[in-house]
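This report describes a protein and DNA assembly, beginning with the DNA and ending with the contact between the protein chains. Please keep the sequence and the model at hand while reading.

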There are 2 protein chains.
Amino acid sequence: MTATRMTRQRAALLDALRDGGFRSAQGWHERLRADGSTVGLATVYRGLQALSESGEVDTVVTDSGETLYRHCGPGEDEHGHHHHLRCRECGRAVDIDVPGFETIVAELASHHGYRDISHTIELSGVCPECAAAARD
Amino acid sequence: MTATRMTRQRAALLDALRDGGFRSAQGWHERLRADGSTVGLATVYRGLQALSESGEVDTVVTDSGETLYRHCGPGEDEHGHHHHLRCRECGRAVDIDVPGFETIVAELASHHGYRDISHTIELSGVCPECAAAARD
DNA sequence: GTCGTTCTGCGAATGATTATCACTAGGCGT
DNA sequence: ACGCCTAGTGATAATCATTCGCAGAACGAC
């Protein structure tokens with residue numbers, strides 16, 4: 001089996017990840033270095049990728065094409081499909097729930113004969129704090 | 001003012017674009033070459049970018065990070081914000097309308113105090129034809 | 001046809017991500 | 001505690017989509 005070892009780097013990543021908010025892979029890398037950990041960029045990418053596959057981090061892709069990562073449910077919610085409302089400025093995000101959306105999507109899909117539907121909802125805006133800050 | 005000239009390349013792009021379906025920039029480029037036009041890749045990128053800004057093409061970003069382009073409303077529907085159900089296999093897409101979604105989003109946003117909300121909905125699946133073809 | 005601008009094409013540059021590969025270090029068995 | 005085996009690490013090279021820079025070509029108004 002594929003044993004996953006808990007290394008110093010991985011622990012550091014998980015730890016940093018814990019303070020919520022979306023950050024790019026390189027962003028998390030910087031943060032780790034800032035915290036004193038000597039972690040390679042490649043390792044951060046690998047770690048984030050692994051975590052995203054195991055469902056421990058969510059990922060979103062920005063307009064500019066970079067992938068943002070964020071710590072999410074510990075793992076026990078395999079069903080836990082939810083969405084985010086992310087702040088364009090600071091990356092802070094709140095989990096949201098769009099009632100009935102999944103159902104509507106399923107109906108639309110079958111209506112058109114499409115199968116194996118997957119959906120992505122990306123909501124972004126400016127959070128109260130950043131809006132206030134921007135107002136100067 | 002910024003006069004937009006109708007060049008051979010741009011015409012060819014618009015023409016190719018007309019047969020619907022999402023394709024990557026490089027995909028459209030290939031198609032143009034296949035049709036006999038000698039167009040540079042950079043030109044295709046520039047053209048698609050311009051068209052997307054003027055609202056004549058829709059863009060979506062795939063998981064792998066490439067941007068797909070597709071001809072859309074001639075331009076008169078500035079309000080025409082709609083979504084797509086795209087086939088993962090052939091790129092064919094149908095326009096869909098998620099009733100009430102915009103409203104729900106607006107409510108959620110204001111509930112959390114977020115402003116200037118923008119949203120993206122990405123629906124993809126396998127269309128009937130491709131599903132049948134895949135079934136062999 | 002002439003001219004000023006915009007557009008095109010090419011290749012080089014960028015930026016994010018992934019692969020490579022020799023080396024380090026978890027961690028299980030003893 | 002000791003060693004071994006393998007997964008993990010890190011620096012760098014490679015990849016891939018996209019953008020830039022610039023010399024020359026092509027629009028289209030006069």
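How do the residues of the surface near DNA strand D divide into nonpolar, polar and charged? The model examined here is predicted. In it, that surface comprises 8 nonpolar, 8 polar and 7 charged residues.

**DNA strand D**

DNA strand D is surrounded by 23 residues, and the closest are A:Thr7, A:Thr38, A:Thr43, A:Arg46 and B:Tyr45. Of the strand D atoms that come within 4 Å of the protein, 61% belong to sugar and phosphate. Bases are also approached by side chains: A:Arg5 places a polar side-chain atom 2.9 Å from a base oxygen of strand D, and an N or O atom in the side chain of A:Arg46 is 2.6 Å from a base nitrogen. From the other chain, a backbone N or O atom of B:Thr67 lies 2.9 Å from a phosphate oxygen of strand D. The elements that give two or more residues to this surface are helices H1 (8–17) and H3 of chain A, together with helices H2 (25–34) and H3 of chain B. Helix H3 of chain B gives the most, with 4 residues.

**DNA strand C**

DNA strand C is likewise surrounded by 23 residues, of which A:Tyr45, B:Arg5, B:Gln9, B:Thr38 and B:Arg46 are the closest. Sugar or phosphate supplies 60% of the strand C atoms within 4 Å of the protein, and bases supply the rest. A polar side-chain atom of B:Gln9 lies 2.7 Å from a sugar or linking oxygen of this strand. Two residues approach phosphate oxygens of strand C through a backbone N or O atom: A:Met6 at 3.2 Å and B:Gly40 at 2.8 Å. Helix H3 (41–53) of chain A, along with helices H1 (8–17) and H3 (41–53) of chain B, are the elements that give two or more residues to the surface near strand C. The largest share, 4 residues, comes from helix H3 of chain A. This surface divides into 7 nonpolar, 9 polar and 7 charged residues.

The distances to both DNA strands are collected below.

| Residue | DNA strand and atom | Distance |
|---|---|---|
| A:Met6 (backbone) | C, phosphate oxygen | 3.2 Å |
| B:Gln9 (side chain) | C, sugar or linking oxygen | 2.7 Å |
| B:Gly40 (backbone) | C, phosphate oxygen | 2.8 Å |
| A:Arg5 (side chain) | D, base oxygen | 2.9 Å |
| A:Arg46 (side chain) | D, base nitrogen | 2.6 Å |
| B:Thr67 (backbone) | D, phosphate oxygen | 2.9 Å |

**Contact between the protein chains**

Chain A brings 35 residues into contact with 35 residues of chain B. About 2700 Å² is buried between the two chains, and carbon and sulfur atoms give 63% of that area. On the chain A side, A:Leu85, A:Tyr114 and A:Arg115 lose the most area to chain B, together 21% of what that side buries. Between the chains there are 0 salt bridges, whereas 10 residue pairs are in polar contact. The elements of chain A that give two or more residues to this side are S4, strand S5 (93–96), helix H4 (101–112), S6 and helix H5 (128–135). Strand S6 of chain A gives the most, with 12 residues. The chain A side divides into 20 nonpolar, 7 polar and 8 charged residues.

**Strand S6**

Strand S6 (residues 115–126) of chain A pairs with strand S6 (residues 115–126) of chain B in the antiparallel sense over 9 bridges. In this pairing, A:Ser124 stands opposite B:Ser118 and A:His119 stands opposite B:Leu123. Within chain A, strand S6 also pairs with strand S4 (residues 83–87), here in the parallel sense over 4 bridges; the bridge partner of A:Cys87 is A:Gly125.

Definitions and conventions
Residues numbered from 1 in each chain as written. Chains lettered and ligands numbered in written order. Predicted model: local features only at pLDDT ≥ 70, side-chain atom pairs only at ≥ 80, totals over all residues. Heavy atoms only, no water. Near = heavy atom within 4 Å. Polar contact = N/O pair within 3.5 Å; in protein donor to acceptor, adjacent residues only side chain to side chain. Nonpolar A, V, L, I, M, F, W, Y, C, P; charged D, E, K, R; others polar. Pairing = 2+ DSSP bridges. Contact = heavy atoms within 4.5 Å. Buried area = accessible area lost by both parts, 1.4 Å probe. Salt bridge = Lys/Arg side-chain N within 4 Å of Asp/Glu carboxyl O.
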